[in-house]
Amino acid sequence: MKHCPKCNVDVNSTRKKCPLCYTILEDDKQELSYQPHPKKVFKEHLSLVTKILLLLSFVAMVVSVIVNINTLDKNAPIYWFILVLVGVPYFWLSVRYVILGKNKSIPTKIFSEAISTIIIVVLVEIVICVVSRVDKDNLWSVNYVMPGILLLTSLGLFVTSTVIKELYCDSILYLLFLSLFELAYFIVYMLTDLITVPWMAYTCGAASVLIIVAMFIFHFKDTKEEFVKRFHI
């Protein structure tokens with residue numbers, strides 16, 4: 001340990017001069033009596049990775065515009081770069097405010113992310129169809145993205161809340177909503193021509209029933225108590 005007679009501070013360093021006033025340091029030959037504060041190396045590395053990913057995201061957005069414009073079919077133009085321009089910022093906002101948000105439970109985050117993603121994708125595809133002036137009768141977001149996200153979210157949330165039992169009570173209402181959405185999707189398929197992929201519709205219809213049945217089979221007591229409390233049955 002070295003000491004600066006002018007600043008009257010101890011300096012834990014091998015340097016000869018004080019870093020503040022550049023006076024010659026005196027060596028008092030005393031051992032360091034406290035642990036130095038650890039450097040936040042991980043946080044610095046994480047910040048660097050985040051900056052690199054942000055730069056790559058911006059590059060992806062620019063490249064998508066250039067590629068789409070240069071490969072555009074003049075007879076049937078499809079401006080798919082809109083999906084990238086909306087999707088990339090939406091991804092970062094989701095990570096920041098939904099996934100990393102401290103005020104929401106895990107089931108709430110999963111449910112919020114699933115529903116908001118469905119809404120964004122459907123709206124973006126409708127915008128692409130309007131701008132590109134292409135057929136809007138067979139929307140891939142409605143036929144594949146919407147049922148796919150509903151199925152994956154309901155299955156993932158049920159498995160997660162079954163493995164981590166502390167999450168189940170918070171997940172019950174969301175599982176019920178997801179099951180109702182899947183049933184509604186199947187009903188829309190049966191009554192309208194909006195949905196054109198039968199196997200996705202039937203899968204959603206079956207999943208809506210299976211999730212409710214699985215809730216009572218695996219968590220009968222908790223499910224019954226929560227239903228009685230929520231719906232005053």
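Which residues form one aromatic cluster? In this predicted model, the cluster consists of F111, Y174, F177 and F181. A search of the whole structure returns seven aromatic pairs. Two of these pairs, F158 with F218 and Y189 with Y202, are set out below. A pair of aromatic rings is described by the distance of the centres and the angle of the planes.

**The pair F158 and F218**

- The rings of F158 and F218 meet edge-to-face, with 5.8 Å centre to centre and 75 degrees between the planes.
- Helix α4 (residues 140–163) contributes F158 and helix α6 (residues 198–218) contributes F218, so this contact ties together parts that are 60 residues apart in sequence.
- F158 has a relative accessible area of 9% and is therefore buried, the cut-off being under 20%.
- F218 has a relative accessible area of 55%, which places this residue in the exposed class, defined as over 50%.

**The pair Y189 and Y202**

- Y189 and Y202 also form an edge-to-face pair, at 5.7 Å centre to centre and with 70 degrees between the planes.
- This pair links distant parts of the chain, with Y189 in helix α5 (residues 168–191) and Y202 in helix α6, 13 residues apart.
- Y189 counts as buried, at 18% relative accessibility.
- Y202 is partly exposed, and its relative accessible area is 46%.

Technical notes:
Residues are numbered from 1 along each chain as its sequence is written. This is a predicted model: local features need pLDDT of at least 70, side-chain atom pairs count only at pLDDT 80 or more; totals for chains, interfaces and linings use all residues. Side-chain values use heavy atoms; hydrogens and water are left out. Rings of Phe, Tyr and Trp (its six-membered ring) pair if their centres lie within 6.5 Å; planes under 30 degrees apart count as stacked, over 60 as edge-to-face and the rest as tilted. Helices (H or I, at least four residues) and strands (E, at least two) are DSSP runs, numbered from the N terminus. Buried means under 20% relative accessible area, exposed over 50%, partly exposed in between (1.4 Å probe, protein chains only).
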